[in-house]
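Colleague: I would like to learn how to read a model of this kind step by step, beginning with its overall make-up and ending with a single residue. Could we take the features one at a time?

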Amino acid sequence: WAFVVNLLKIVLPFLVGVTLLKGEDDARIVLWIIVACQGWVSYEMNTSYFNGYNRAAEQGFGGMDNNCFGISLVTTLGPAMALTLSEKRWVLKGIAGVATALILHTTMLTFSRGAMLGIVAVFVTAGIVMPKSPKYLAGVFLAMLLAIRLTGPELLSRYESAFAGAEDRDASAESRLDLWADCLAVAFTRPIFGIGPDNWPKIAANYGYTQGKSAHSAWMQSVAEVGFAGVLALLLFFCSAAARLWPIARGKL
């Protein structure tokens, strides 16, 4: 119940906020607030990095480890790119562009394989939904070139290990697969409702992991904790949102 209460502290304010948006102008203001805040955090992380300490990788931010922090950065990358491409005033376009570059570089600094895969997903999604005019294509292409340029040797080696064979994976990548397999095993023993929200870390020690070990996958941990029914509901949440937003993205209001 403590987990549910903490989750409601996130979900309920979100529902209140999102239902108060009156239209595109309100939504754009909220996007600017989000992008500006994440851009400032990214600026601080870059400052720390160039001063000799990679805080993004070593500490994360806001109670999140490097992987969760990386995903939060990727979540903001798409809106930052959208503001850069869509703003009419060059000052705002420049501010959004700087924020995009800072967020992108900080994502790289987390050394998170999941965040790197998220960047690929952002670029693919942007290529699908954006207008196919030269200026938009050029903007996304430049962002992709910047991402490639910012991919250092350490991140590249970690990223490649995500697709390596069993004999070539590093211990971190191999442990992820073991974690996910054990989460599935738990799910099949309690397929409908799972073992309960936030309970996987409490039983992780039964499978040879340290007490409190996270599954490092929202989907795999969810299937263990809330069963296949819960994961299906989560999937429908994303799919229904995408289905409702698709006409807006394609300009068919």
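Modeller: Helices are taken as DSSP runs of at least four residues and strands as runs of at least two, numbered from the N terminus. In this predicted model, the elements run α-α-α-α-α-α-α-α-α-α-α from the N terminus on, which amounts to 11 helices and 0 strands.

Colleague: What share of the 253 residues is buried, and what share of the contacts with a separation of 6 or more joins residues 24 or more positions apart?

Modeller: Buried means under 20% relative accessible area, and 32% of the 253 residues in the chain are buried. Among contacts with a separation of 6 or more, 68% link residues that lie 24 or more positions apart. The accessible surface comes to about 15,300 Å², and carbon and sulfur atoms hold 70% of that area.

Colleague: How should I read the nonpolar core, and which elements give two or more residues to the largest one?

Modeller: A nonpolar core is a set of buried nonpolar residues joined through side-chain atoms within 4.5 Å. The largest has 28 residues, and those with the most contacts inside it are Phe69, Leu77, Met81, Ile119, Phe123 and Val140. Helix H2 (24–50), H4, H5, helix H6 (113–129) and H7 each give two or more residues to this core, with the largest share, 8 residues, coming from H4. Leu77, for its part, touches Thr100, Ile103, Leu104, Ile119 and Val122, once residues up to four places away in sequence are set aside. There is also a second, separate core of 9 residues, which includes Cys183, Val186, Trp200 and Tyr209.

Colleague: Which residues lie nearest the centre of the second largest pocket, and which elements line it?

Modeller: That pocket holds about 340 Å³ of space, and of its 18 lining residues, Thr84, Leu85, Lys93, Lys135 and Gly139 lie nearest the centre. Helix H4 (66–86), helix H5 (90–109) and helix H7 (134–150) are the elements that give two or more residues to the lining, which by class has 9 nonpolar, 5 polar and 4 charged residues.

Colleague: To finish with one residue, is Gln211 buried or exposed, and why?

Modeller: Exposed means over 50% relative accessible area, so Gln211, at 56%, counts as exposed. Gln211 sits in the loop between helix H10 (200–203) and helix H11 (218–249). Beyond its neighbours within four places in sequence, Gln211 is in contact with Pro201, Lys202 and Ala205, while the C-alpha atoms of Gln211 and Trp200, 11 residues apart along the chain, are separated by 9.6 Å.

How values were computed:
Residues numbered from 1 in each chain as written. Predicted model: local features only at pLDDT ≥ 70, side-chain atom pairs only at ≥ 80, totals over all residues. Heavy atoms only, no water. 1 Å grid on protein atoms, 1.4 Å probe; cavity = no way out; pocket = protein on both sides within 12 Å on 5 of 7 lines; lining within 4 Å. Points joined across faces, edges and corners; volume = space filled by probe spheres on them. Nonpolar A, V, L, I, M, F, W, Y, C, P; charged D, E, K, R; others polar. Buried < 20%, exposed > 50% of the residue type's maximum accessible area, 1.4 Å probe, protein only. Contact = heavy atoms within 4.5 Å. Areas by Shrake-Rupley, 256 points an atom, 1.4 Å probe, with all protein chains shown as cover.
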